[in-house]
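This briefing concerns the packing of helices within one chain and the contact between two chains. Please have the structure open while reading.

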Amino acid sequence: MTTTVDDPTGPPDSAAVTPTGLAAHQITVHFGRQRVLDRVDLHIAPGETVGLRGPSGSGKSTLARVLALLHAPDSGRVALDGRPVGGVRYRVPAAVRTRVAILFQSPRAASDPRLSLADLIAAPLRATGTPTAETTARTAELADLVGLTSDLLTRRPHAVSDGQLQRACLARALAHRPDHLLCDEATAMLDASTQAHVAAVVTDYQRRHSAGVLLITHDPALLARWATRVVDLPGAAVDPPARPPTR
Amino acid sequence: MTDLAPAPARTRPSRRPSALLRGGRPGVVLAAGVLAVAVVACLLAPLLWPLDQSAVDLVRTRLAPSPEHLAGTDDLGRDVALRSLYGLRVSLLVGAVAALVATVIGGLVGAVAGTVGGRVDRALMRVVDTIAALPHLLLGIFIVAMLRPSLGAVIASIALTHWLSTARIVRSELLSLRSRPFIDAAISGGASRARVLTRHLLPHVLPRLALATTLMVPHAVWHETALSFLGLGLPPHLASIGNMINDGQRSLLTGAWWASIVPGLALVTVTLALAALTGRWRDRLDPRVRAELQL
């Protein structure tokens, strides 16, 4: 059975002719015996916002991690601008790595508790050998972009709120000016005003860089307001293990 | 929709070892005091009270504790208190050095197993399991028996039998850290394997490693004492807690209890204080793990 979940009716602009953007082809992922993704296709064109929804356990986050080149699928491949990406995790070429960024649901889990917020934001720049002066300038610029004041930048993750930390994570994700931003329920844990702020920063960035955005969320309002189109992942491909009846 | 104010800054207890003394639990302060006195006495002993290791005074044997000999004399007329201090000095030195060596061995094995993974990991962990299946002391005796009796042989015996738990700790820490999202985030930012290891993994393992080392010192001290007690440790004329307890046994029947009880008490007091302090430190580092020794 082939499950093609991408919307076949509306290929955005010229994507069908020149395959620009980030694409997943026939991705299959197993965790043990459990098949999490079964031959899934997904394409994110520049400038578009693809909403991704599906029940819990349908593999939304796994698909995001595959697209972020953090998880090797059992079969299928990820392509950037029509060229398949060789390697995953540490083996991704730097030129490809910096073009795709991911924002996780829990900013607390996604930030090294030892680093200050400034170091957190600067980490991707330092990792790719950006000169110190440039790193400092760019860090300040990014912090300003997400609205983090300089007194917050010296604090460690445990001393700031989830919203402040998620803004730092967003700044870190945008450090390399990626062409694609994958938001894995990135606003689910935030209060309404921070949610709106993060959304505004992402939309603004998207407009200026014509970046493709993957938006994983359970929030129908967010999808309606923001997503160019919405892709549904079917439920878990294999029934979850039977639970003994509870009395 | 309402405007929610950002959550207030969170605080949590300091993880530094020095923070243990703040808030002064009497037990912790007592343990720290005992340890401080013992360490200072051991360090200053050669300057304040020089000891001739082979000095024998057959006239003044088995004297009961008195102002002149605070813990009496043994069956060769040697001052028990002074020799206990020198014994403790050797024991703590051997314990600390052996714990350090064991940490280096265990840390390397654990780091390789935890980062390389796969077949290398399985092979290394089977080696660890195999050695762990043998009784510590038996293996330690085997190792000293192969070498000439010396300080180095005793240290080798302790280090080669005590690195297993460190290897397991480092490996499991690395495995659990590796799957944390912040490692994914670092990789996504373009960090290389070496950078992730040195910047994001090892700094989190180092406090554990330091804790494992200090927790190991009392074990190492007891292992050294056991070896010396069995006559396999340091040469018999050198003051060592194990040698002294063994020598002192002979005097027990004549009523000279101090010759073996005093060095034994010195050992128990100091290692308990050390274990209590490190146990408290472990509680601070990871409140989920309960210390076996509550003060």
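The bend of a helix at a residue is the angle between two fitted axes, one through the seven residues ending there and one through the seven starting there. In this predicted model, helix α8 of chain B, residues 193-229, bends by about 50° at Leu202(B). Helix α8(B) also takes part in two of the helix contacts described below, one with α9(B) and one with α4(B).

**Helix α8 of chain B**

- The bend at Leu202(B) is followed within four residues by a proline, Pro203(B).
- After α8(B) comes Gly231(B), which has a positive phi, near 80°.

**Packing of α8(B) with α9(B)**

- Helix α9 of chain B covers residues 241-252, and its axis comes within 7 Å of the axis of α8(B), with a crossing angle of roughly 40°.
- Angles under 35 degrees count as roughly parallel and 65 to 115 as roughly perpendicular, and α8(B) and α9(B) are therefore oblique to each other.
- The crossing of α8(B) past α9(B) is right-handed.
- From α8(B), the contact involves Thr225(B), Ser228(B) and Phe229(B); from α9(B), it involves Ile241(B), Gly242(B), Asn243(B), Ile245(B), Asn246(B) and Gln249(B).
- By class, these residues of α8(B) and α9(B) comprise 3 nonpolar, 6 polar and no charged.

**Packing of α8(B) with α4(B)**

- Helix α4 of chain B, residues 136-146, crosses α8(B) at roughly 60°, and the two axes come within 11 Å.
- The helices α4(B) and α8(B) are therefore oblique to each other, and their crossing is right-handed.
- On the α4(B) side, His136(B), Leu137(B), Gly140(B), Ile141(B) and Val144(B) meet His223(B), Ala226(B) and Leu227(B) of α8(B).
- The contact of α4(B) with α8(B) has 5 nonpolar, 3 polar and no charged residues.

**Packing of α2(B) with α10(B)**

- Helix α2 (residues 80-116) and helix α10 (residues 258-285) of chain B have axes that come within 10 Å and cross at roughly 40°.
- The pair is oblique because of that angle, and the crossing of α2(B) and α10(B) is right-handed.
- Helix α2(B) contributes Val80(B), Ser84(B), Leu88(B) and Leu92(B), while α10(B) contributes Trp258(B), Ala259(B), Val262(B), Pro263(B), Ala266(B), Leu267(B) and Val270(B).
- In the contact of α2(B) with α10(B), 10 residues are nonpolar, 1 is polar and none is charged.

**Contact between chains A and B**

- Chain A supplies 34 residues to the contact and chain B supplies 29 residues.
- About 2,600 Å² is buried between chain A and chain B, and carbon and sulfur atoms give 57% of that area.
- Within chain A, the residues that lose the most area to chain B are Tyr90(A), Arg114(A) and His158(A), together 24% of what that side buries.

Key
Residues numbered from 1 in each chain as written. Chains lettered and ligands numbered in written order. Predicted model: local features only at pLDDT ≥ 70, side-chain atom pairs only at ≥ 80, totals over all residues. Heavy atoms only, no water. Axes fitted to C-alpha atoms, helices over the stretch in contact; angles between N-to-C directions. Parallel < 35°, antiparallel > 145°, perpendicular 65-115°, else oblique. Left-handed = near helix turned anticlockwise from the far one by under 90°. Contact = heavy atoms within 4.5 Å. Nonpolar A, V, L, I, M, F, W, Y, C, P; charged D, E, K, R; others polar. Buried area = accessible area lost by both parts, 1.4 Å probe.
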